[in-house]
Each structure stands twice: as structure tokens, then as C-alpha cells.
Amino acid sequence: MFYRKVYRRLFFDQTCPLCHVHPASSLGICEGCHVDLPWNLFPCPSCGISRDHPDDHCRCCNHKTFTVDRTFAALEYRFPLNTLLPSIKQRYSLHHLGWLSQVFHARLEDQIDQWPDVLIPVPMHALDLIRRGYNQAAILAELLGKATSINVTHSAIIKTRCSQRQHNLNASQRRTNLIDAFCVTSRPIADHIALIDDVMTTGSTLNELARLLKKQGCKRVDAWVLARTPDPDSDEDT
Ligand SMILES: [Zn+2]
Ligand SMILES: [Zn+2]
């Protein structure tokens, strides 16, 4: 019975993995679900927060400085992303990364002004990696690397100690929490790098990684994130 189900899913089941009703299109999900995704149509180029209009001033960026040169955020971290992405972290829905990377790639093709030389996924600490078994940002980076033919480097930055989840901390604790948490292992890596992550909330981790890369001579660091939280103090890490 179990094998029959798996076989059906692999070879015959072309239904949309989101609604499980309509046939999936070449986008990996059905057209209705694709339209209904929480698109981040006009992300702020600095912090990735969704704006109503491309010329709108971003209120979240007031008085803030960013080391990341440009942020590209494909979607907003709202339903179904806010249920899908945590479930991917708990191993239940890993197969969703396939169509999510397709959606991500299509949005990047619309928005990117200059393609980077190398993609680097936001690293996990070795102990967390052993515990979970995979880094979803690394899988996303591999899928995007394949789609864009850009090299992916996994070992250029390592996480040297387990930090606390950023969203539980205030601004100064967030800065302290990241001190010496990462280490750039090789140089020079490339002139233009894109950091890859699934969710961006505070942006502190991405900015810290950009700072370290620039210290090693990197000229431009972008952040490519699948989903951006609408509110900086909401749910997810990074
Ligand atoms: Zn659907
Ligand atoms: Zn902004």
C-alpha cells in the first residue's frame, strides 16, 4: 500500500502540492495557487520589506544603515509561506523547495540588475546541521545555482558558535549575539556575492555576513531571500 502511494506520487500524481485539487502547471503548482501566493511586488531594495508602490519611501529603513548592497525578496512571509517554511525545517515538506525555487528564480529574473559571481547560503552551525540533517538555505542555493548557472560555495563562511534566535532579542542583544558567530574561511572569494536564505526578519545575520565578506575585499554583497516578514519583529529567525 505504502509503495503504491509513493509510486503514484512519483509517476502519476501531477496535482498541485498546495491545494491537492488542480493539476500542477509547469510552475510546479496550479495557476490559481500561483496567483494567490503572497507576492512581494515592490520590495525595498535595502531591507526587502514590501511597499505599495516602487517609488514609495520605505519607513523601515529610516535612520538605518545596511551593509548588504541590495536585497531581493520574492514573497512575503505570510500564508502559505509561514506554515510551509517552518514545516520544511522540521523535515515534513522538503519537496516544496522544488517549486519554491522555481518561483524564486522567476522573480529574480524580473528584478536582478546585475547577476553575482557566486552564491553563498547562510550557514548553520555544525551541531544544528547534524541535528536537522540539512540546511534549507543550502538546498535553495543549489537549486538557484542550477537554474542560473552561478557557482555555489558552501565552505566560504562557517558558523563558529550557536547563536540565539535573533527575534527573541532586542537591538543591542542582536548585535552582541552575532559577535564572532561567523568566520570567513577563504579569500578572495569573489567581487560580487549573493547570500541566500529562506526567510529574512531582522536582516542582522545577512548584514553581519556582508560586513565580514567586505572586510575580506568583496565589493558588492546582495541578499536573495525567498520570503520577507512584513513586520521586523514577527516570527522567524535571521
Ligand atoms: Zn493549487
Ligand atoms: Zn527598507
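I take as donors the N, O and S atoms within 2.8 Å of the metal (3.2 Å for Na, K and Ca), keeping in mind that water is not among the atoms, so sites may look incomplete. The model is predicted, so that local features need pLDDT of at least 70 and side-chain atom pairs count only at pLDDT 80 or more, while totals for chains, interfaces and linings use all residues. Residues are numbered from 1 along each chain as its sequence is written, chains are lettered from A and ligands numbered from 1 in the order in which they are written, and side-chain values use heavy atoms, with hydrogens and water left out.

Zinc site. I looked up the zinc ion (ligand 1) and found its protein donors to be the SG atoms of C16, C19, C30 and C33, lying 2.3 Å from it. Along the sequence I read the spacing of these donor residues as C-x2-C-x10-C-x2-C. The angles among the four donor atoms run from 103 to 116°, and I record the site as tetrahedral, a label that four donors receive if all angles lie between 85 and 135 degrees. For reference, the ideal angle for four tetrahedral donors is 109.5 degrees.

Cysteine burial. I count C16 as buried because its relative accessibility is 0%, where buried means under 20% relative accessible area, exposed over 50% and partly exposed in between (1.4 Å probe, protein chains only). C30 is buried at 4%, C33 at 16%, and C218 at 8%.

Disulfides. I found zero disulfides in the structure, a disulfide being a pair of cysteine sulfur atoms within 2.5 Å.

Methods:
Four donors count as tetrahedral if all angles lie between 85 and 135 degrees; four count as square planar and six as octahedral if opposite donors are over 155 degrees apart and all others between 65 and 115; anything else is irregular.
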